[in-house]
Amino acid sequence: KRLKNKPVGDFTEEQLIDIVKMIEAKKEGLIKIRLGFDQTFGREYFNDMKDLYVTTGTSDSAKKWNEEREDVLRTALNKYIYPYLKKELINKMLKEGRTRIAKAAAVELRNIVKQGPPKSEEELVITSIMWGEADKSPVTCVTVNDKGELQNFITLDFMHCKANSYNKIDVDRKASDMRKLSGFITESNPTFVIVGANQLKANQLKENVDEVLEELQFPASYFVDTKVARLSGRSKQLEVEFSDHPLNVKHTISLARYIQDPITQLATQF
């Protein structure tokens, strides 16, 4: 992609965030950015400056001195003033862009903190289900009790397979994982079942989970954002507490705990 002749004044507040990203990318040598003055503005600015420094004399000496003054002015603008103004402009855009990023982050943090646990008269036993990062990654299912303690977990390796596939092996594998999921939920008997909304395949996963829940006459599952879970899943607290468990299990535990107590789970980052 190429952006050319974009006036700085035309950037919106949202686009200033992109400016920050672009400047950081420039520092890493990924893109090139050239800031310059509009040619018409440059000529007018030079002429305005020139009128302040040249004389109105008509003698040969006066003309030669005016030529020297113009050369000095041109050098001062091109070598010192314009580079300084460009530097200040970049700093100004960076400051405004970072301020915008900080405001957006503050809004996001406020929304996370405002998230409360689901209302229930029963103890909050949560079964959390999350897909891995890749499309064919295993699905991890964990259940935590009302104190956030891990009760049980399983890994389903073939939930990515299609139940109506022409490959009978894939069909059998998917059916086996669905039975395992049903048995796990039955044994866990959770108050709520949640699905991590971490990728597009999560839609398919939720459909599969709801299919099992309907057969078991459980309420349908619901999506939960995984941003906090993926951060707190890497925290020192979970690393110590679940040192023998893989990262995907820690993420899924963190997702369940986030539903039970969002603020406490967020606090593991600090």
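This report walks through the overall shape, surface and nonpolar cores of the protein.

Keep in mind that this is a predicted model. Going by secondary structure, the protein has nine helices and five strands. Starting at the N terminus, they come in the order α-α-α-β-β-β-α-β-α-β-α-α-α-α.

As for overall dimensions, the radius of gyration is 31 Å, while a compact globule of 270 residues would come out near 18 Å. Along the principal axes, the C-alpha atoms take up a box of roughly 105 × 45 × 30 Å. Of the contacts with a separation of 6 or more, 63% join residues 24 or more positions apart.

Here are some whole-protein values:

| Property | Value |
|---|---|
| Share of the 270 residues that is buried | 35% |
| Exposed area | about 17600 Å² |
| Share of exposed area from carbon and sulfur atoms | 52% |
| Distance between mean positions of the positive and negative charges | 8 Å |

The charge tally behind that last row is 42 positive and 40 negative.

Now for the inside. The largest nonpolar core has 19 residues, and Ile126, Ile194, Val224, Ile253 and Leu255 have the most contacts within it. Two or more residues each come from β1 (126-131), β2 (139-144), α6 (227-232) and α8 (247-260). The largest share, six residues, belongs to α8.

What does isoleucine 194 touch, leaving out residues up to four places away in sequence? Its partners are Ile126, Thr127, Ser128, Ile129, Tyr222, Val224, Leu255, Ala256 and Ile259.

Apart from this core there is another one of 16 residues, including Cys141, Leu181, Leu205 and Val212.

Key. Residues are numbered from 1 along each chain as its sequence is written. This is a predicted model: local features need pLDDT of at least 70, side-chain atom pairs count only at pLDDT 80 or more; totals for chains, interfaces and linings use all residues. Side-chain values use heavy atoms; hydrogens and water are left out. Helices (H or I, at least four residues) and strands (E, at least two) are DSSP runs, numbered from the N terminus. The radius of gyration is taken over C-alpha atoms; the globule rule is 2.2 Å times the number of residues to the power 0.38. Buried means under 20% relative accessible area, exposed over 50%, partly exposed in between (1.4 Å probe, protein chains only). Contact means heavy atoms within 4.5 Å. Accessible areas come from the Shrake-Rupley method with a 1.4 Å probe; for residues, only the protein chains shown count as cover. Lys and Arg count as positive and Asp and Glu as negative; His and the chain ends are not counted. The place of a charge is taken as NZ of Lys, CZ of Arg, CG of Asp or CD of Glu. A nonpolar core is a set of buried Ala, Val, Leu, Ile, Met, Phe, Trp, Tyr and Cys residues joined through side-chain atoms within 4.5 Å.
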